[in-house]
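Here's a quick tour of a metal site and a stretch of sheet. Have the model open and follow along.

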Amino acid sequence: MILKPFLATLIMFCIKCGSPAVAENFCERCFLERNRLFEIKNFSLIVCSVCGSHYSFEKGWHKSSAENEILWRVKTKNRVTGKKITLRHVGNKLLASVQMTGFISPLRKMKTETASVEIVLRKQKCDNCIKISGGYYEAMFQIRGMKKEEILKTIKNEGVLSVENKDNGYNVKFIKKQDAKRIAKDLKDIYHVKGTFKLVGEKKGKRLYRSFYSIS
Ligand SMILES: [Zn+2]
Ligand SMILES: [Zn+2]
């Protein structure tokens, strides 16, 4: 009884439970109870009703999984060493259970924490799907000649809207002219590529051109 005030000046005690304190006047258990490993808020997600792309203000339309959308919104300043997400669809909502394991400085004891997140899904058509449904395309490859199969094989699906059999060859439509331009540039090293432009109309006073590439 006489020793206690004397000891208190040497060893700090947890201000909550009286056990020896290890960090910020709290014991290990109380410190871990008070400090969050991570934080995540409920959010809403715009999803393309056709292709499943996601939309966010920062990234625009992009391909991503619900798990990544969650991880991207997790806020933490701690070292996270493990994560597990389980998802459940309920009506127009996605209910997620986010479990993370990690360390809250300065403690070396691992903490596992679980948070529930409610994601409201809102369906909309993405820019690409709107263009596709309107038959819109900005560029076309006209692949002809002996090497047509080989050329078609080298074109991956990046930005390709459709491939049609035409005049003993293939017509490949691209939604965006930048995709066509980039691929045409690569093909130029091996094949014969010739590009032209055609005026296809006007929109809001701007002339719209379509790129055509004959490739053989
Ligand atoms: Zn305590
Ligand atoms: Zn889409």
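## The zinc site

Donors here are N, O and S atoms within 2.8 Å of the metal (3.2 Å for Na, K and Ca); water is not among the atoms, so sites may look incomplete. On the protein side, the zinc ion (ligand 1) gets its donors from Cys14 (SG), Cys17 (SG), Cys27 (SG) and Cys30 (SG), at 2.3 to 2.4 Å. Read along the sequence, those donor residues follow the spacing C-x2-C-x9-C-x2-C.

The geometry comes out tetrahedral, with angles of 103 to 117° among the four donor atoms; for four donors, that label asks for all angles between 85 and 135 degrees. Ideal angles for four tetrahedral donors are 109.5 degrees.

Are Cys14 and Cys17 buried or partly exposed? Cys14 counts as buried because its relative accessibility is 4%, while Cys17, at 35%, counts as partly exposed. (Buried is under 20% relative accessible area, exposed over 50%, partly exposed in between, with a 1.4 Å probe and protein chains only.)

## Strand β7 and its partners

Strands are DSSP runs of E, at least two residues, numbered from the N terminus. Strand β7 covers residues 139–143, and four of its five residues are buried.

Pairing takes at least two DSSP bridges between two strands. β7 runs antiparallel to β9 (residues 169–174), with five bridges, and parallel to β11 (residues 206–215), again with five bridges. Phe141 bridges to Val172 in β9 and to Tyr213 in β11.

## About the model

This is a predicted model: local features need pLDDT of at least 70, side-chain atom pairs count only at pLDDT 80 or more, and totals for chains, interfaces and linings use all residues. Residues are numbered from 1 along each chain as its sequence is written, chains are lettered from A and ligands numbered from 1 in the order in which they are written, and side-chain values use heavy atoms, leaving out hydrogens and water.

Notes. Four donors count as tetrahedral if all angles lie between 85 and 135 degrees; four count as square planar and six as octahedral if opposite donors are over 155 degrees apart and all others between 65 and 115; anything else is irregular.
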